[in-house]
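Q: Could you take a close look at one part of this structure and describe it in connected prose? I would like to know where its residues sit and what lies around them.

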Amino acid sequence: MSMHKGFPENFMWGGAIAANQVEGAWNVDGKGPSVADVASYKPHLSVEDYAGHVGISTKMIEEAMADLSDKDYPKRRGIDFYHRYKEDLALFAEMGFKTLRVSIAWSRIFPTGEEETPNEKGLRFYENLFTEMRRLNIEPIVTLSHYEMPLALSVKYNGWYERKVVDNFVKFSRVCFDRYKNLVKYWLTFNEVDSINRHPFTTAGIIPDRCPEGQEDQVVYQALHHQLVASAMVTKDCHEIIPGSQMGCMLTKLTTYPNTCNPADVEITLQRNLNNYFYSDVQVFGEYPVLTLRMLEKKGVQIHMEPGDLETLKAHTVDFVSFSYYMSLTESAEAGKERTAGNTIMGVKNPYLPSTDWGWQIDPIGLKISLIELYDRYRKPLIIVENGMGAVDRVESDGSIHDDYRIKYFRDHFIQMKEAVEAGVDLFGYTSWAPIDLISASTSQMSKRYGFIYVDQDDLGNGTLERSRKDSFYWYKKVIETNGEDL
Ligand code: BG6
C-alpha cells in the first residue's frame with residue numbers, strides 16, 4: 001500500500017441542503033403540504049423538550065392547516081430556492097462545488113402520497129434542477145426522504161406506523177429513479193434514519209397523541225422497521241433502474257465519550273454508541289443486531305414483520321455510508337451532572353470543548369474519531385454529508401460578513417478529516433451543512449445561520465432574500481481549488 005498524502009483526487013467537495021428548508025413555494029405548482037409545513041417557529045425550543053414531543057399534536061396540525069400564511073411556519077417560505085435555484089447554483093459553482101446534496105420533496109411529486117400518477121410540475125422542477133447542476137459539473141447526491149413526508153400520509157396512517165406507507169414510498173422512489181436515471185447516480189434513502197427516536201413526527205410523521213398510551217416505543221420501532229424495509233426495497237429498485245448507481249444510508253453520528261474512566265461511565269457510553277449504530281448496522285449488514293433485538297424485547301416492543309422482510313434486508317444493503325457530524329457528547333452514569341444541548345439530544349457538558357451559540361460542543365477530533373470508528377466498523381466508502389456550525393452573523397455597513405468563527409470551525413474539522421484519510425479511511429466526499437443560510441430544522445429560525453452565502457431574511461420573513469458572499473465563501477473556494485491543501 002503506497003503512502004497517501006492529502007485528500008484523494010476527485011474528492012467530492014460541496015454542500016448539503018434539504019428541500020423543506022430552502023425551497024419555499026410550499027403550495028405552488030400542485031405541491032401538497034408536508035410535515036415540515038406545519039412546523040412552527042420555536043426559537044426558544046429546548047432540546048430537552050424533544051422527548052416530550054412538544055411542538056406537535058393533532059390539534060396543532062389542524063390549526064396549522066387552517067392558516068395558509070407562512071407567518072408562523074417559516075419552512076413554507078424557505079429561502080425561495082424554488083425560484084432562485086439557478087442563482088444559488090451559480091454561486092456554488094463559483095466556489096468550485098463538485099457536488100451538492102439536495103432532497104426531493106415527496107409531496108411535490110405525490111401531493112398526498114397516494115395519487116395514481118405523479119405531479120408533472122413537481123417532477124419537472126427537479127429535472128430542471130439536476131440538469132442545471134450537471135451543466136455546472138455539480139454531481140447531485142439526492143436524499144429521498146429528508147423530514148418532508150406528505151402530511152396526508154402522516155395524518156391517515158400515523159406516519160410510517162402503518163405498512164401502507166412502504167408501498168407509497170416505493171412507488172415515489174421508483175418514479176424518481178425512472179425520471180432522473182440519466183441525471184442522478186448517488187442516492188440516500190432516509191436522512192438521519194436514527195432520528196425517528198428523537199423526533200418521530202419530523203422524521204416519520206408519527207403524531208404522539210395518536211399513539212396508544214404507553215405504546216410510543218412500539219409505534220416508533222414498527223415505523224422504523226417499515227423504513228428499513230422500504231430502504232432495502234428501493235435500494236434494489238435503484239440498482240435495477242439505474243445501472244452503476246450508488247445507494248447510501250445516512251446516520252446522525254452522535255459520538256459519545258465516557259465522562260470519566262469509571263467503568264460505569266464507560267458502560268453507559270458504550271450502550272449509547274451502540275444505540276446510535278443500530279440503524280446503519282441494519283442497512284450495512286442487512287440484519288438486526290442481536291443486542292438491539294434483546295433490548296427491544298426487554299422494552300416489550302414486538303416488531304411485526306412480513307414474510308420476506310428479513311430476506312429483503314439481507315439482500316439489499318447499501319453501497320456506502322453517509323453521516324452528519326456536528327458535535328460530540330459525553331455521558332455519565334451519575335445523575336445530576338450539568339448537561340448541554342447537541343443536535344436534538346442532550347449530553348453531559350465536556351469541560352474540554354467550546355460550544356456554539358446554541359450549546360453544541362465543537363469537537364474536530366471527534367470527527368476523526370467518528371471517521372475511524374465508522375470505517376473500521378463498516379469497511380464501506382464514507383461520505384460526510386452534513387457538518388457545520390449555526391451562528392449569528394453580523395453584516396457590516398459595507399455589506400461584508402466576517403465569519404472567522406465559521407472558517408475556524410471548518411478548518412479545524414478539515415485538518416482532522418485529512419488525518420483520518422491519511423490514516424487509511426476511505427472518504428470520498430464532504431458536503432457542508434449548509435452552504436447557504438436556510439431555515440433551521442429544529443427551531444425554524446433563520447438567524448441560526450450555517451452558510452458561506454448570506455441570505456437577507458430574518459426570522460419573521462422580512463428581507464430582500466438577496467444573496468451575498470461571507471468571508472467563508474472565499475475561504476471554502478480556496479480549499480476546494482487546492483483540494484484541501486490550503487486550509
Ligand atoms: C441535521 C438535519 O440534523 O441537522 C438538518 O439533517 C438540520 O436538516 C441540521 O438542519 C442542523 O440542525 P438545525 O436544527 O440547526 O437546523
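A: Arg379 counts as exposed because it has 11 C-beta neighbours inside 10 Å; by the cut-offs used here, a residue is buried if 20 or more other C-beta atoms lie within 10 Å of its own, exposed if 12 or fewer, and partly exposed in between, with C-beta atoms placed from the backbone. This is a predicted model, in which local features need pLDDT of at least 70 and side-chain atom pairs count only at pLDDT 80 or more, while totals for chains, interfaces and linings use all residues. Residues are numbered from 1 along each chain as its sequence is written.

Arg379 is found in the loop between α13 and β11, where helices (H or I, at least four residues) and strands (E, at least two) are DSSP runs numbered from the N terminus. Although Arg379 is not a glycine, its phi is positive, near 55 degrees. Lys380 has its place in the loop between α13 (364-378) and β11 (382-386), and because 18 C-beta neighbours lie inside 10 Å, Lys380 counts as partly exposed. If its neighbours within four places in sequence are left aside, Lys380 is in contact (C-beta atoms, placed from the backbone, within 7 Å) with Val284, Phe320 and Val321. Pro33, by comparison, is 347 residues from Lys380 in sequence and 36 Å from it in space, C-alpha to C-alpha.

Following the chain into the strand, one comes to Glu386, which has its place in β11. Glu386 is buried, because 26 other C-beta atoms lie within 10 Å. An unreviewed UniProt entry covers Glu386 with the annotation "active site"; such positions are given in the numbering used here, feature names are shortened, and annotations may be inferred rather than shown by experiment. Not counting residues up to four places away in sequence, Glu386 touches Ala16, Ser324 and Trp433.

Trp433 leads to a further backbone feature, since the peptide bond from Trp433 to Ala434 is cis, with omega near -15 degrees. Ala434 itself is found in the loop between β12 (427-433) and β13.

A positive phi in a residue other than glycine also appears at Asn137, near 60 degrees. Asn137 has its place in the loop between α5 (120-135) and β3 (139-145), and Asn137 is exposed because 11 other C-beta atoms lie within 10 Å.

Terms used:
Contact = placed C-beta atoms within 7 Å.
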